[in-house]
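User: I have a structure open here and would like to go through it with you, ligands and pockets included. Could you take my questions as they come?

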Amino acid sequence: MGSVSPPSDIQVPPTHWSDGPLGWRDRLLASPRFRRWAQTFPLTRWVARRRAAGVFDLVAGFVYSQVLLACVQLRLFELLLAEGPQSGAALAARCQLPVMSMERLLRAAVALQLLERRPQDRYGLGPLGAPLARDEGLAAMVEHHTALYRDLAQPLHLLRCASAGAGADDGDGKSATPGRARVSGEAALDPERSGYAGNSRPPDFAGARRPEAPHEGLARYWPYAGTDRPEALAPVQLLAYSELMAASQPLVADQVLQAYSLQDHRRLLDVGGGTGAFACRAAQVAPHLQVQVFDLPGVAALARQRFEQAGLSARCSAEGGDFFQDPLPPGADLVTLLRVVHDHDDARILRLLRAVRQALVPGGTLLLAEPFADTPGAERMGDAYFGMYLLAMGRGEPRSEARLRELLADAGFINVRRLPTALPLQASALLARTPR
Ligand SMILES: CC(C)=CCC/C(C)=C/CC/C(C)=C/C=C/C(C)=C/C=C/C=C(C)/C=C/C=C(C)/C=C/C=C(C)/C=C/CC(C)(C)O
Ligand SMILES: C[S@@+](CC[C@H](N)C(=O)[O-])C[C@H]1O[C@@H](n2cnc3c(N)ncnc32)[C@H](O)[C@@H]1O
């Protein structure tokens with residue numbers, strides 16, 4: 001393998017007027033002498049400290065994430081919300097950790113504002129931990145990152161392999177990506193063997209750690225991203241990601257339903273609608289609405305179970321199939337695509353959008369919602385988080401609003417408009433119509 005440092009004998013000539021001043025700035029910031037001066041000079045000291053803290057956070061980010069993971073696995077936030085602040089020794093006993101380790105974790109969590117020190121040497125929830133205390137979706141997201149971090153442990157390996165053909169399939173369900181062979185079959189996502197048991201939770205806090213999160217990478221976690229025959233996936237392979245999506249769906253549903261009223265629609269088709277979590281919410285907020293989910297056969301079967309358990313089978317149904325191959329059920333006046341488009345490449349998405357246009361009644365509405373790239377104030381979420389996440393998954397990319405608009409126009413949609421959502425970090429939304 002060659003050296004990773006840039007060859008020092010290559011001079012890149014400036015090609016744009018801004019290269020000059022920006023090159024000057026870069027050399028200044030890279031200069032240890034300048035940095036030494038700036039961190040002591042009274043007018044620049046605060047910028048130097050802020051920048052240093054920013055760089056430090058990037059360097060230490062993984063450590064912070066693992067402190068959070070330990071808190072989530074111990075169910076610390078829920079415990080402190082339910083029972084109030086407690087001493088380190090009491091928490092150590094509850095969590096079955098040595099007192100010294102527990103204190104170390106608690107102090108780390110305080111430094112990250114996940115927890116706060118309280119009078120009489122006790123620990124309570126902090127401003128960043130409190131929102132996590134009752135959020136099953138966020139907790140599940142944190143836990144499943146174990147799979148992502150396996151892939152990211154060697155980022156260059158991931159980047160090199162992916163450039164050889166991310167998500168390419170060699171026809172038998174195994175990824176053509178070298179070094180990331182996909183194991184089909186039950187072992188991959190067997191909740192027992194992977195250690196992942198989704199939302200199944202012990203009844204009380206006594207020694208109640210959450211189960212260890214997945215031991216495999218994302219390609220196995222999301223098996224549909226690596227095959228051209230997703231309808232052939234075994235039910236056990238669909239379970240872990242379907243549970244994660246159902247647990248985290250309220251985060252998305254809240255954004256969508258706050259931004260858009262379903263009252264004027266009569267028939268909703270949720271394409272890639274998973275196990276029907278959004279469908280149930282939609283049916284509950286719009287009691288006149290007929291709702292249908294289209295997803296892979298094994299996932300659609302789970303949706304049917306959910307509808308039955310919720311007593312919604314009269315208005316909610318689910319059809320199984322491959323949305324790239326099979327026709328979508330016709331007749332809906334609203335189609336939703338929630339967290340679906342970013343999973344796939346442009347060619348597949350164009351095919352899917354055209355199929356959605358065919359399925360909708362004339363003048364029908366498409367509502368597309370997912371995290372967008374280039375979201376002001378949440379840029380890291382798009383290109384940094386989802387960019388790397390989807391690379392590890394093996395297919396798809398985060399797209400900007402502008403790119404999604406182009407794809408929608410290519411697929412024949414008109415009147416595309418942005419629906420403002422309260423927390424674009426969670427999901428942004430576009431509305432589009434089919435011609436009458
Ligand atoms: C009351 C006092 C004292 C003061 C008031 C001050 C005030 C107004 C404070 C505000 C408090 C407040 C309301 C806080 C709210 C916090 C919230 C809403 C936090 C939300 C955080 C959301 C996060 C961290 C979301 C993370 C989402 C992730 C990581 C999503 C991952 C999604 C994946 C991996 C999806 C995969 C699907 C695929 C495969 C890509 O298709
Ligand atoms: C990221 S999940 C989103 C699920 C749901 N919309 C949500 O937001 O919770 C993507 C969904 O698309 C489904 N899916 C992926 N490829 C598919 C295909 N070719 N045909 C049908 N469904 C597919 C998956 O089974 C999964 O339920």
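Analyst: Below we go through the two ligand sites, the domains and a pocket.

User: Before that, what kind of model is this, and how is it numbered?

Analyst: This is a predicted model, in which local features need pLDDT of at least 70 and side-chain atom pairs count only at pLDDT 80 or more, while totals for chains, interfaces and linings use all residues. Residues are numbered from 1 along each chain as its sequence is written, chains are lettered from A and ligands numbered from 1 in the order in which they are written, and side-chain values use heavy atoms, with hydrogens and water left out.

User: Ok, ligand 2 then: which residues are closest to it?

Analyst: Ligand 2 is surrounded by 17 residues, and the closest are Tyr241, Gln249, Gly272, Asp295 and Leu338; a residue counts as near if one of its heavy atoms lies within 4 Å.

User: Which side chains have an N or O atom by an oxygen atom of ligand 2?

Analyst: The side chain of Gln249 places an N or O atom 2.8 Å from an oxygen atom of ligand 2, and for the side chain of Asp295 the corresponding distance to an oxygen atom of the ligand is 2.6 Å. From the backbone, an N or O atom of Leu338 lies 2.8 Å from a nitrogen atom of ligand 2.

User: How much of ligand 2 does the protein bury?

Analyst: The protein buries 97% of the 580 Å² that ligand 2 exposes when taken alone, with accessible areas from the Shrake-Rupley method and a 1.4 Å probe.

User: And which helix gives the largest share of that shell?

Analyst: Helix α11 (residues 235-259) does, with three residues; helices here are DSSP runs of H or I with at least four residues, numbered from the N terminus.

User: Switching to ligand 1, what is around that one?

Analyst: There are 16 residues around ligand 1, of which Leu138, Met141, His342, Asp343 and Tyr385 come nearest. The side chain of Asp343 has an N or O atom 2.6 Å from an oxygen atom of the ligand. The protein covers 47% of the 1,100 Å² of accessible area that ligand 1 has on its own.

User: Where does that shell come from in the chain?

Analyst: α7 (136-152) and α15 (379-393) each supply at least two residues, and the largest share, five residues, is from α15. Domain 2 (136-202 + 212-232) and domain 3 (236-433) each give the shell at least three residues, with bounds taken from an automatic or database domain assignment.

User: What about domain 1, how far is its centre from that of domain 3?

Analyst: Domain 1 is assigned to 45-132, and its centre, taken over C-alpha atoms, is separated from that of domain 3 by 35 Å.

User: Last one, which helices supply the lining of the second largest pocket?

Analyst: α1 (19-30), α2 (32-38) and α3 (45-74) each supply at least two lining residues, and α3 has the largest share with six residues.

Notes
Polar contact = N/O pair within 3.5 Å; in protein donor to acceptor, adjacent residues only side chain to side chain.
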